Amino acid sequence: MTFNDQVIEGRKSILLTTTGAKTGKRRTNPLGYLEIDGKTVVVASNMGATAHPGWYHDIRRDHRVTIETETETYEAIASIPPAAERDALFAKIVAEEPGFAEYQAKTTRQLPVVILHRIDDRVRGMGDFLVEVHEWLREELRTLRAGVEDIVAGRADALRMEKSLKAHCVSFCEALTKHHTGEDMGAFPLLEQRFPALAPTLTKLGEDHVVVAATQKRIRDLVEGYVHGESDPARLRDEFDALAGKLEAHFAYEERSVVAALNVTVTG
């Protein structure tokens, strides 16, 4: 069935393809849409029925969608704005399409407003900043690991290197803790609010933070308590390797899972 077969007569329309929340199968629905403040917006009105339409349940399970217009097809992600933003958008929607006020009057449920964000690799956002922070942390960890290897191999001035390693380790640990705390307290709650489908992923990422913090504490204790000629540098190296492995797996999973959503999320 073509776009023209499914469009809603007399309204700006799209075909929205979602992944079924229960079936996992792709399904397509014709929807009227509006452009509000430069955003592509749809309303889960279901013509004022008592239940949300199926596509809305789908995007709460998987926010990745495909949009087809009369002229193009593109990938997008669907976000659910928080209450104040939703109310402001709905007021503008009703001003343009009064029929949505009539739908709202038919039901006790609040009609959800959904924003459809085109995925555009040319647009930089919070997700790209996250990747940059990860790259800096990766490089810092590689530098620390190289310093430990110098100590294990007995290269250069061991006492000078140990002092430098301790200072560098403190700054790295503080930066990593600040980064993960910022995610736990800020970015992750924001993402879960706008993208409910990410909730399991964000829970796993939070659990990863706990595991990384435990490994990080062991390393910091070993570095701060390191005594040349008495402590075992090989143990220190092994702990750094363990941290590097955990962090790389965590960073890679996080970058695959949330960068696109972060890039369309605007704060403040």
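Colleague: At 35% relative accessibility, what does Glu 72 count as: buried, exposed or partly exposed?
Modeller: This is a predicted model, in which local features need pLDDT of at least 70, side-chain atom pairs count only at pLDDT 80 or more, and totals for chains, interfaces and linings use all residues. Residues are numbered from 1 along each chain as its sequence is written, and side-chain values use heavy atoms, with hydrogens and water left out. Buried means under 20% relative accessible area and exposed over 50%, with partly exposed in between (1.4 Å probe, protein chains only). Glu 72 has a value of 35%, so the class is partly exposed.

Colleague: Which residue meets the side chain of Glu 72 in a salt bridge?
Modeller: A salt bridge is a side-chain nitrogen of Lys or Arg within 4 Å of a carboxyl oxygen of Asp or Glu. By this rule the count comes to 17. For Glu 72 the N to O distance is 2.7 Å, and the partner is Arg 118.

Colleague: How many residues apart are Glu 72 and Arg 118?
Modeller: Helices (H or I, at least four residues) and strands (E, at least two) are DSSP runs, numbered from the N terminus. Glu 72 is in the loop between strand E5 (64–68) and strand E6 (73–79), while Arg 118 is in strand E7. The pair links distant parts of the chain, with a separation in residues of 46.

Colleague: In what order do the seven strands form the open sheet?
Modeller: Two strands pair if DSSP finds at least two bridges between them. The pairing here is antiparallel. Strand E2 (26–32) and strand E3 (34–36) each pair on one side only, which makes them the edge strands. The order is E2-E1-E5-E6-E7-E4-E3.

Colleague: What does the twist average from one strand to the next?
Modeller: Axes are lines fitted to C-alpha atoms, for helices over the stretch in contact, and angles run from 0 to 180 degrees between N-to-C directions. For this sheet the strand-to-strand twist averages 40°.

Colleague: Which residue in E2 does Thr 19 stand opposite?
Modeller: Strand E1 (residues 13–19) and E2 pair in the antiparallel sense over seven bridges. In E2, the residue opposite Thr 19 is Arg 26.

Colleague: At about what angle to E3 does helix H3 run?
Modeller: Helix H3 (residues 83–96) lies across E3, strand E4 (39–43) and strand E7 (113–118). Contact means heavy atoms within 4.5 Å. Relative to E3, the helix runs at about 125°.

Colleague: With which residue does Glu 85 form a salt bridge?
Modeller: Glu 85 is in helix H3 and the partner is in helix H6 (residues 158–194), 109 residues apart. Glu 85 is partly exposed at 22%, whereas the partner is buried at 10%. The closest N and O atoms are 2.7 Å apart, and the partner is Arg 194.

Colleague: Which residue of helix H8 meets Arg 145 in a salt bridge?
Modeller: The N to O distance is 2.5 Å for this pair. Arg 145 is in helix H5 (residues 126–153), 96 residues from its partner in helix H8 (residues 233–263). At 23% relative accessibility, Arg 145 counts as partly exposed. The partner, partly exposed at 35%, is Asp 241.

Colleague: Which residues do salt bridges that share partners join into one network?
Modeller: One network arises where salt bridges have partners in common. Its members are Glu 135, Arg 138, Glu 248 and Glu 255.

Colleague: What kind of aromatic pair do Phe 100 and Tyr 103 form?
Modeller: Rings of Phe, Tyr and Trp (its six-membered ring) pair if their centres lie within 6.5 Å; planes under 30 degrees apart count as stacked, over 60 as edge-to-face and the rest as tilted. A search of the whole structure finds two such pairs, one of them Trp 55 with Tyr 56 at 6.3 Å and 90°. Phe 100 and Tyr 103 have their ring centres 5.9 Å apart and their planes at 75°, so this pair is edge-to-face.

Colleague: Why are Phe 100 and Tyr 103 separated by about one helical turn?
Modeller: Phe 100 is buried at 4%, while Tyr 103 is partly exposed at 22%. Both are in helix H4 (residues 99–106), and the one-turn separation follows because their spacing in residues is three.

Colleague: Which residue's ring does Arg 86 lie over?
Modeller: A charge sits over a ring if NZ of Lys or CZ of Arg is within 6 Å of the ring centre and within 35 degrees of the ring normal. Lys 204 sits in this way over Tyr 253, 4.6 Å from the centre. For Arg 86 the distance is 4.4 Å, and the ring is that of Phe 90.
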